Amino acid sequence: MSRNRKQDNTIQGHPLTSQRRLLLELLHDDEGHIDAKELYRRASIKDGSISPATVYRTLNLFKELGLIDEIRLGKVRCYYEIKQSQGYQHLVCKGCGKIIRFQSPHFQKLIKEIQREHGFNIKKAELYLEGHCPGCEDNEEKELG
Ligand SMILES: [Zn+2]
């Protein structure tokens with residue numbers, strides 16, 4: 001189990017190429033979510049030889065290895081983020097597409113209660129709230145006024 005920690009040049013048996021390392025770093029640096037296109041854009045600034053196909057392949061590999069989460073928000077948009085310890089929920093702005101991650105102790109408590117009540121071991125709990133961020137709310141009010 002602790003084997004992986006020692007191996008600097010492989011991720012669970014897969015060679016950690018410099019491009020994979022770069023993508024992993026960029027995913028780590030990103031505070032919230034990043035989609036494949038944006039990841040490619042950022043990666044290509046640092047490594048001009050990287051291709052979109054490499055980015056997609058690498059994201060799939062990371063996903064298989066359980067290093068990242070793929071989050072589908074809405075119908076077609078797909079975001080990636082480094083796997084976090086549980087407990088982050090999402091606010092999604094329908095106006096500008098901004099995603100705000102938040103944590104709520106109340107939500108955690110609720111999950112624990114439900115878990116206890118049903119004797120069900122909950123592994124994943126997601127709260128996905130859609131609406132308008134303050135900026136978009138302002139714009140809407142201006143339009144109406
Ligand atoms: Zn917005």
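Hi everyone, let me start in the middle of this one: the buried residues of α4 pack against α2, α3, β3 (68-73) and β4. Do keep in mind that this is a predicted model.

So which residues of α4 are the buried ones? They are V55, T58, L59 and F62. They cover an arc of only 105° around the axis, which puts them on the same side of α4. If you turn to the face pointing away from that buried side, you meet the exposed residues A53 and E64. The length of α4 makes sense too: at 1.5 Å a residue, its 13 residues should span 18 Å, and the end C-alpha atoms are 18 Å apart, which agrees. After α4 comes G66, with a positive phi near 75°.

One more residue on α4 before we move on. R57 lies in this helix. Is R57 buried or exposed? It falls in between: R57 counts as partly exposed because 13 other C-beta atoms lie within 10 Å, while a buried residue needs 20 or more and an exposed one has 12 or fewer. R57 and R20 are 37 residues apart along the chain, and their C-alpha atoms are separated by 9.9 Å.

Now for the core. In soluble globular proteins, nonpolar side chains tend to be buried together. Here, the largest nonpolar core has 12 residues: L23, L27, I34, L39, Y40, A43, V55, L59, F62, I68, Y79 and Y80. Which elements each supply at least two residues of this core? They are α2 (18-29), α3 (36-46), α4 (52-64) and β4 (77-82).

Let's pick L39 as our guide to that core. L39 sits in helix α3. It is buried, since 23 other C-beta atoms lie within 10 Å and the cut-off for buried is 20 or more. What does L39 touch, leaving aside its neighbours within four places in sequence? Its contacts are L23, L26, I34 and V55. L39 and Y80 are 41 residues apart along the chain, and their C-alpha atoms are separated by 9.2 Å. Y40, another member of the core, touches P52 and V55, again not counting residues up to four places away in sequence. If you have the structure open, V55 is a good place to click: it is a contact of L39, a contact of Y40 and one of the buried residues of α4.

Let me step back to the whole chain. The protein has 6 helices and 7 strands, and along the sequence they follow the pattern α-β-β-α-α-α-β-β-β-β-α-β-α. Of its 145 residues, 9% count as buried. Taking the contacts with a separation of 6 or more, 48% are between residues 24 or more positions apart.

On to a sheet. Here we have an open sheet of 3 strands, in the order β6-β5-β7, with mixed pairing. The edge strands are β6 (99-102) and β7 (128-131), each pairing on one side only. The twist averages 20° from one strand to the next.

How many bridges join β5 to β6? There are 4, between strands that run antiparallel, with β5 covering residues 89-93. These two strands form a hairpin with 5 residues between them, and G97 in the turn has a positive phi of about 80°. On the other pairing, 4 bridges join β5 to β7, and those strands run parallel. H90 lets you see both pairings: its bridge partner in β6 is R101, and its bridge partner in β7 is Y128.

Last stop, helix α5, at residues 105-118. Its 14 residues should span 20 Å at 1.5 Å a residue, and the end C-alpha atoms are 20 Å apart, which agrees. How many of those 14 residues are buried? The count is 0, so to speak a helix that is hardly covered. Put that beside α4, where V55, T58, L59 and F62 are buried. Just after α5, G119 takes a positive phi of about 60°.

That's my tour; thanks for listening!

Methods. Residues numbered from 1 in each chain as written. Predicted model: local features only at pLDDT ≥ 70, side-chain atom pairs only at ≥ 80, totals over all residues. Pairing = 2+ DSSP bridges. Axes fitted to C-alpha atoms, helices over the stretch in contact; angles between N-to-C directions. Contact = placed C-beta atoms within 7 Å. Expected span 1.5 Å × (residues − 1). Core = buried A, V, L, I, M, F, W, Y, C linked by C-beta atoms within 7 Å. Arc of directions from axis to C-beta.
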